[in-house]
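User: Please take a close look at one part of this model, the sheet. Set it in context with the confidence scores.

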Amino acid sequence: MQFFHNLHIDFLGKRKVFYIISAVLIVIGLSIFFTKGITLGIDFAGGTEILVRFQNDIPTDAVRTAMDKTGIIGAEIKTMGNERDILIRTAEQGEGSSISDRIKEGLTNNIQGNSYEVLRIDKVGPKIGKELRISAIYATLLSLIAILVYLAFRFEFVYALGAVLGLFHDVLITLGMISIFHVIFPNLNLELNQGMVAAFLTLIGFSVNDTVIVFDRIRENIKLYKNEDILSVMNKSINTTLSRTVITSGTVFLTVFILLLFGGEVNRTFAFTFTVGVLTGTYSSIYVSSAFVVDIKNRQKRSKAPVTGKIAASKA
Amino acid sequence: MKKNRFRIFLTLLFLGLSLYFLYPTYKDYQFNKEISNLKNAQDSAAFFDKYSNDILKARDNRIKLGLDLQGGMYVIMEVDIAKLLNDLAKKQDDILKQVLNATSEQTKNTDEDFVDVVEVKLREKGLSLKAYYGEIRDEESTVKSTLKTEVENAIDRAIQVVRNRIDQYGVSEPVIQKKGSSRLVVELPGVSNVQEVRKLLQGTALLEFKLVIDPQIAVKVMEKINTYMAGGNLDSLMKADSLNNISKNEIKHDSLKIKKDSTSITSTKDTTKKDITKKDTTGNKKKDSSKKNITGKDSIKKEDSNTAGLTDTNLNNLDTNQQLSEEEFKKKNPWFYLVRPQQFQDGSLVWLVKETDKAKVLKILEKKEIQDLIPSEISFAFSNRSSFVDNGEKIYTFYILKKEPELTGGVVVNARSNIDPTSNSPVVYMEMNSEGSADWARITGSNINKQIAIVLDNVVYSAPVVRNKITGGNSQIEGMANIQEAKLLEIVLKAGALPAPLTIIEERTVGPSLGEDSIQKGLYSSLIALILVALFMVVYYHFAGGVADLALIFNLLFVMGIMASFHATLTLPGIAALILTIGMSVDSNVLIYERIREEVTGGKPLRTAIEIGYKKAFSAIIDSHITSIITAIILYQFGTGPIQGFALTLMIGLIANLFTAIVITRIIFDVMTEKGKTSINFG
């Protein structure tokens, strides 16, 4: 069996169109991100969160009334996956005899005939929340820099720059997509937590992985087709690696999609983020990273007389 | 062929190692299944007794499950520096309180050093650190650096106190780790009583000096218990047990002697103003319940008699009993079988208990019938660590103490461990305040040649023999085996004198049913993913796809094996990483196969095509793996708990994949082509 054989698609010829598509998607996604925002999970916001499972289905209103009676005002109350699992979240942390005990008390006293079991309690202080936020940002930036350095060493600085640009693109698109899905399907309970940061870093790893494979073929083909211009060498490389790209992205997509469907609530944020990431990561290898290299190389050629990818050849 | 032989050898070696490391996990699973199949508690107790060594060994070496999978509590605590500095100050006035509050507020969101900020704020008010923490002659900079060390040391004391309590609370496989300079991470698997644990972690440490009861009296009490139990009572508590002799190891006694010339003990800040409340927050309710009817302090006769006479009277029958068979001894002396008396040449007597029997001993002592036999002024405690190891069993010393402490830790002003330059042995200097010194002189004076136990939260850390009457409050404890032990004693003495106040800044509890839920969902999705990916590979690449699937299975096996050998923890995100590994691990083979197909299409013979395919795909595989590993390492560095589990699993998966996808599949193709095959189905 073979999906693609002897393809000659001019991927990069229409790259300008895809620049526009990417830009539009990013603008829409980010404007929703900045206006509607995305729920900050307890990891980053701090506060107390308690997940309980009731014996029988229970309306969230009943839980809200119980909380109001206990004096826990403004708590966020929602169902998780089914009508029995209720998540209660409040910004308070409570000193000493903490807020989670009060919540439990309130549930026991005010909801009769429907016993519950505590599945999970999380309490994160504001200091920790802030530290986690900072370390998440550092982690993302640091991995981008590390990748930039490694690829600059293995390929050429332009390629490294293209790859990292692709990564930025992926992170932004994914962030936008999460915002959009969060607005349309609030029941997905997508929120920015440590799991999502892990997903972002993993998608960075995956996306650069995909880009590297295309670049690797370009590195090889530049030596083989010394007389062809960069655009056609790149197109050739993308065409020959397309089969692998589709298969790998397909299997990875398949596995995370299964995780999204069957992995449960806890892994959902991770799975969703990464599912989007696989798609954009594959796309960006071609239409952001490779396209960027083509444009820069062409500009260099225009300004520097006839150089046809010899820099790359000599370096590789 | 030679090359292949080496590769095959490597593969088999890794396979063997993986299976070897995974075996305990399998065994543990088997044991758990068998135990859960047993109907009543008695059967499972018998089963446990029979296989206890194997069960414990399997449990120690299995792949650990993270708290998110098995349920439990994860707590990060921080030393409350403001409270510590308040406690440390010579005087606690409103200005200091104001400054400390303002500093807490300011440092909440910055990385500034607490002590530095306090200094600045005090200076703004025209004051100095010296005014609160130093003497007139002290340099401001010395005061500051001492304070900073004090803050840094606080976390070590806190760790010791917390570890001590958790050990007594009886959590299996707790993790207690220092994080940064002022934080403490505690992981308690299987624990869900949040309130109790919180109390356990945050309570004030209680340091006490307790008199060790005279051997004669102790023996009488113990014999009463023994006789009672031998009468067939409490039989249910005595379960079948493997029989081990306790060898007559020499136990060194610490000796406490006076050091009149105490110039080596520096006088530091006076920290004894606060009152250590006698609140027993250790969670050791067993002991609490026995604290009734505390009568007069001096109800125990203080005889200065030498203990040599003991051998001839009370213990004589014990020694002969030891020549009986173990079974008989156990039957006749059930209590002395658990708590073994051990006499030394100098007449001193110690009681020894096997680690596995500790809980049993405490349980028996808790019984009402036994409580009635014990004089109300007596209490019991274990040593902090095993005194020695016998046949792989840790043996603890069991102390019989006077319940009422002679002194509490509040009187200790300072403690310092060192190596004595003259004898070249470890020594701990202890300094008391004037009030304590007077009491100490009286206590030591009337208890010469007796042991005084240093007890922290009801655990005995040392029980030195008093050599002289100690006046002036400067004591010197020697006889510790090494400097680490001395250091520990110093920490313990300080923990009582200067508690390190802890605040919980992060607390996560996972109930057991959520963990089960997660495991099920995680395994379920892994299995589906594995089957689908494997199927696809066979459909697309036919025979070669099957080879890649084999490599994939090897990969998963290696990942689990490596994790087991590292004692790494499998978390829920870790399972996600495993699923991701499944997806990514076929990538390398896809790359190679696509190349081979290209070469075959280009007209190359199979053997050459395979050669070139592997060679050309190699650079892409290496580069892509390294970049992925880089991000995994960074994730590991920045993440906490479960996320680190994800990063670690992914990292191991990537590294294992380099071997399985490149080496193992290659072996198969090479062997086939060498055997003369000219066509292999690459789909």
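Analyst: Start with a caution. In chain B, residues 234–322 keep a pLDDT under 50, and the model has 152 contacts beyond four places in sequence for them. Where pLDDT is low, the predicted coordinates should not be read in detail. This is a predicted model. Over chain B, pLDDT averages 76, and 83% of the residues score at least 70. The model's ipTM is 0.83 and its pTM is 0.72.

Now the sheet. It is open and has eight strands, with antiparallel pairing. The order is β2(A)-β3(A)-β1(A)-β4(A)-β19(B)-β2(B)-β4(B)-β3(B). Read along that order, β4(A) of chain A is followed by β19(B) of chain B. Two strands form the edges: β2 (76–80) of chain A and β3 (175–179) of chain B. Each of these pairs on one side only. From one strand to the next, the twist averages 20°.

Within chain B, look at β2 (residues 72–79) and β19 (residues 502–510). They run antiparallel and are joined by eight bridges. Met73(B) stands opposite Thr509(B) of β19(B).

A helix packs on this sheet: α8 (residues 140–169) of chain B. It touches β2, β3, β4 (183–189) and β19 of chain B. The direction of α8 makes about 175° with that of β3(B).

Last, the domains of chain A. The assignment gives domain 1 as 12–41 + 129–315 and domain 2 as 47–124. Strand β2 (76–80) of chain A, an edge of the sheet, falls in the range of domain 2. Taken over C-alpha atoms, the centres of domain 1 and domain 2 of chain A are separated by 40 Å.

Key:
Residues are numbered from 1 along each chain as its sequence is written. Chains are lettered from A and ligands numbered from 1 in the order in which they are written. This is a predicted model: local features need pLDDT of at least 70, side-chain atom pairs count only at pLDDT 80 or more; totals for chains, interfaces and linings use all residues. Two strands pair if DSSP finds at least two bridges between them. Helices (H or I, at least four residues) and strands (E, at least two) are DSSP runs, numbered from the N terminus. Axes are lines fitted to C-alpha atoms, for helices over the stretch in contact, and angles run from 0 to 180 degrees between N-to-C directions. Two residues are in contact if their C-beta atoms, placed from the backbone, lie within 7 Å. Domain bounds come from an automatic or database domain assignment. pLDDT is the predictor's confidence in each residue, from 0 to 100.
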